[in-house]
Amino acid sequence: MSVASPRTILAVDDSASMRQMVRYTLEGAGYKVVQAADGVEALEFARTGTVDLVLTDVNMPRMDGISLVRELRTLHSYKFVPMLVLTAESGQETKQRGKQAGATGWIVKPFNPEQLLATIGRVL
Amino acid sequence: MAAPQAGTSATHPVAAAPSESWAVERQMANTLGLCETQMTSALQESDQAVDALIRIFTGLADTMRDLGAVSARLPPEIKANVADDLDAQLAAITKQIGSAVIAFQFYDKLTQRLGHVRFSLATLAQFVCDPAQTQQPEQWDRLHATLRSLYRTQEEREIFQLMMDGASHTASNEGRCETSAAQSTAGDIELF
């Protein structure tokens, strides 16, 4: 009998406390979590590794979340990976930019752990 | 005792004439710089405290999760006596942890918003030092547009709009509280 390996989620946020909250929530639901502090770090990881889902903030130093989504969509192995944006930004204009870049969905902070897990469950 | 002459006072001596390097603009810039520095210092202190608090919180939460796993592995004869009560207690703690996860995120939001205030103070300090700019209404409009572009949250945009429309500090806060209660976007989820 084979045991399924846990699904891996790449969590990208420049705030260490936010990454901790996301990690705690996702690991508790059985996911494996890989963390990155900005878009550049996440992209470096993505060039050599794959994940089942990307959860990214928008406003980060070096590379923002929308640019990250756009860059990831150009990588063959990330073409169909769900990418959720988790941000305090609620403006329609930014949301549209995220959609055009290839984001799968938009979640406004602060997230509710149960709702976050339910959303991830829907897109995975 | 002679009466004080007009324009002087025994308890309020006349201020010395400003030196050449003294200027209203410079005083305003220095005071704005003081506010920004105080805010930066307070944020750095609280960052360290909150980081420590979050490490402790996640450690406790992880331990609680381990206890849940231990409870699930209890032999049936022991579990029969304590399982319902234990599971109820663990469920209650899990719910409280969920609320704490939401509450901690407000600190992140606060830090972001205060970062915008710090940038605004620094920008204003530079602006007021240039009389060529401060005398032109269109330069003030440009400054406001710059500050507006910083704002990422619904709350920041609401306050900006209320203040630009002429509301007082108090009215802005009250008005924003009313609209936020009805239209908060926190936790909104949209799948494309």
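This passage describes strand pairing in chain A and the contacts between chains A and B in a predicted model.

Within chain A, strand β3(A), formed by residues 53-56, pairs with two other strands. Strand β1 of chain A, spanning residues 8-12, lies parallel to β3(A), and four bridges connect the two. In this pairing, Leu55(A) of β3(A) is found opposite Ala11(A). Strand β4 of chain A, residues 83-87, also runs parallel to β3(A), to which it is joined by three bridges. Here Leu84(A) in β4(A) serves as the bridge partner of Leu55(A). The connection from β3(A) to β4(A) passes through helix α3 of chain A, residues 65-73, giving a β-α-β crossover that is right-handed.

Between the chains, 29 residues of chain A make contact with 27 residues of chain B. On the side of chain A that touches chain B, at least two residues come from each of α1 (16-28), β5 (105-108) and α5 (113-123). Of the contributions to this side of chain A, that of α1(A) is the most, at eight residues. The side of chain A that touches chain B comprises 13 nonpolar residues, 12 polar residues and four charged residues.

Strand pairing also extends across the two chains. Strand β5(A) and strand β1 of chain B, the latter covering residues 189-191, run antiparallel and are linked by three bridges. Within this pairing, Leu191(B) of β1(B) is positioned opposite Gly105(A). Strand β5(A) thus appears both among the elements that each supply at least two residues to the side of chain A touching chain B and in an antiparallel pairing with β1(B).

Methods
Residues are numbered from 1 along each chain as its sequence is written. Chains are lettered from A and ligands numbered from 1 in the order in which they are written. This is a predicted model: local features need pLDDT of at least 70, side-chain atom pairs count only at pLDDT 80 or more; totals for chains, interfaces and linings use all residues. Two strands pair if DSSP finds at least two bridges between them. A crossover is right-handed if, with the strands pointing away from the viewer, the path from the first strand over the helix to the second runs clockwise. Two residues are in contact if their C-beta atoms, placed from the backbone, lie within 7 Å. Ala, Val, Leu, Ile, Met, Phe, Trp, Tyr, Cys and Pro count as nonpolar, Asp, Glu, Lys and Arg as charged, and the others, Gly among them, as polar.
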